[in-house]
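Good morning, and thank you for making time for this item. Please turn to the model on the screen, and I shall take you through it part by part.

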Amino acid sequence: MTTGNWWATALCESVSGEKPLAVVCNGEALVLFRNAAGELCALEDRCPHRRVPLALGTVTPKGLQCGYHGWTFNGTTGMCTAIPNLREDERVPSRYGARAYRVAESGGFVHVWLGEDSAGDTPLPALDYQPQGTEFSGAAVVNIAHDEYLAAMLDGPECLLEFGSVRMTDFFFGDPRVEAGRLVVDRGAVWKTQLLPPAFVVDHPLIVRTAVPLASGTIRIDLLDADEAPLVTVCIAASANRRGTTSLCWRGFRHDTRIAAAPLRWRLARGRGHAPFRIHPLIDGAALAALLVAPSRDLLAARAAGVAQLSKAA
């Protein structure tokens, strides 16, 4: 890996000082935890001694202790601070350290910097996620490759998530566009109590806006009314896991916007505090295979254009 990016890897509340959390982000196995000072720490999930996953170990006041032979590692530097069979006057060689990663919190997500370059002032992916009121969150590993997940989010997000009482259509409002490092697509949607409008009708009562990152950012999905007032916002952190799967963690919330035409089921769910959306932990292969390749065609072109712009700037 020659270039670096921030990746949202986990929910902040999932990382504690009680038990280490194993994650795979962009194909790299990491272990996350909080040290005795409450600081976030990220290490390669492999003990340099016998390559045992450090996530099987224990968080101690001195750092993360490997569960196999008890080597202990400082969470911020990766330095090995203790080996049980060493005498008190023996020093731990510096080469015994574990790889440490730069880590930061924003928008309720834990971000890890992956790559050789310095993070510098590179903004965190979830900075534009500003929740209001009750949030709904979760995590899963889904049975689809990362690039295919992004493509499906553009071509047919109904295969990956759903909004309560809402049916998404295949009617697109204009061409895909690039905004703030994401490829953005607007499509029409209707309440499930209504018949789907004919393809040539453009006055859909709802809009589903999907915004897919060109690099390592988060996926953003907004449910809007016809005047583009926000109803629901969802932020999904997605990255490549092992064997063609994708790691997901997400947060979302319902806005205060009231809509008179909303069906009774929508209003009841709102009043009872039910989640207004659901992320599918299992992907329907038949539904996915039936998707037409449409806006996702522009994703590779937009990425290539972004790389070209970075090269010129350099």
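What share of the contacts in the protein chain with a separation of 6 or more comes from residues 24 or more positions apart? The figure is 56%. I should say at once that this is a predicted model, so please hear each value that follows as computed from it.

Let me begin with the chain as a whole. The protein chain contains four helices and 20 strands. Its C-alpha trace spans about 80 × 50 × 35 Å along the principal axes. Of the 314 residues, 46% are buried. The accessible surface comes to about 16,000 Å², and carbon and sulfur atoms contribute 52% of that area. As for charge, the chain carries 31 positive and 32 negative charges, and the mean positions of the two sets lie 5 Å apart.

I turn now to the strands, starting with β1, which covers residues 5–11. Six of the seven residues of β1 are buried, and the strand is thus mostly covered. Its partner is β10, residues 109–114; the two run antiparallel and are joined by six bridges. Two of the residue pairs are worth locating on the screen. Trp6 has Trp113 of β10 as its bridge partner, and Trp7 stands opposite Val112 in that strand.

These strands belong to an open sheet of three, in the order β1-β10-β9, with antiparallel pairing. Why do β1 and β9 each have one side without a neighbour in the sheet? Both stand at the edges, and each has a single partner strand, so one side is left without a neighbour. On average, neighbouring strands of this sheet are turned by 35 degrees against each other, direction ignored.

A second open sheet has four strands, ordered β5-β6-β7-β8, and its pairing is also antiparallel. Here β5 (58–60) and β8 (80–82) are at the edges; each has a single partner strand, so each has one side without a neighbour in the sheet. Within this sheet, two bridges join β6, residues 63–65, to β7, residues 72–73, and this pair runs antiparallel. Gln65 is found opposite Thr72 of β7.

Next, please look at β11, residues 135–142. In a regular strand, side chains alternate between the two faces of the sheet. Which side chains of β11 point to the buried face? They are Phe136, Gly138, Ala140 and Val142. Glu135, Ser137, Ala139 and Val141 point to the other face and are not buried. Strand β11 is joined to β19, residues 246–254, by eight bridges, and the two run antiparallel. Gly138 has Trp250 as its bridge partner in β19.

My last stop is a single residue, Thr210, in strand β16, which covers residues 206–213. Is Thr210 buried or exposed? Its relative accessibility is 0%, and therefore Thr210 counts as buried, the cut-off being under 20%. What surrounds Thr210, leaving aside its neighbours within four places in sequence? Thr210 is in contact with Met153, Leu154 and Pro157, with Leu183, Val184 and Val185, and with Arg220 and Ile221.

That concludes the tour, and I am glad to return to any part of the model on the screen.

Key:
Residues are numbered from 1 along each chain as its sequence is written. This is a predicted model: local features need pLDDT of at least 70, side-chain atom pairs count only at pLDDT 80 or more; totals for chains, interfaces and linings use all residues. Side-chain values use heavy atoms; hydrogens and water are left out. Buried means under 20% relative accessible area, exposed over 50%, partly exposed in between (1.4 Å probe, protein chains only). Contact means heavy atoms within 4.5 Å. Accessible areas come from the Shrake-Rupley method with a 1.4 Å probe; for residues, only the protein chains shown count as cover. Lys and Arg count as positive and Asp and Glu as negative; His and the chain ends are not counted. The place of a charge is taken as NZ of Lys, CZ of Arg, CG of Asp or CD of Glu. Two strands pair if DSSP finds at least two bridges between them. Axes are lines fitted to C-alpha atoms, for helices over the stretch in contact, and angles run from 0 to 180 degrees between N-to-C directions.
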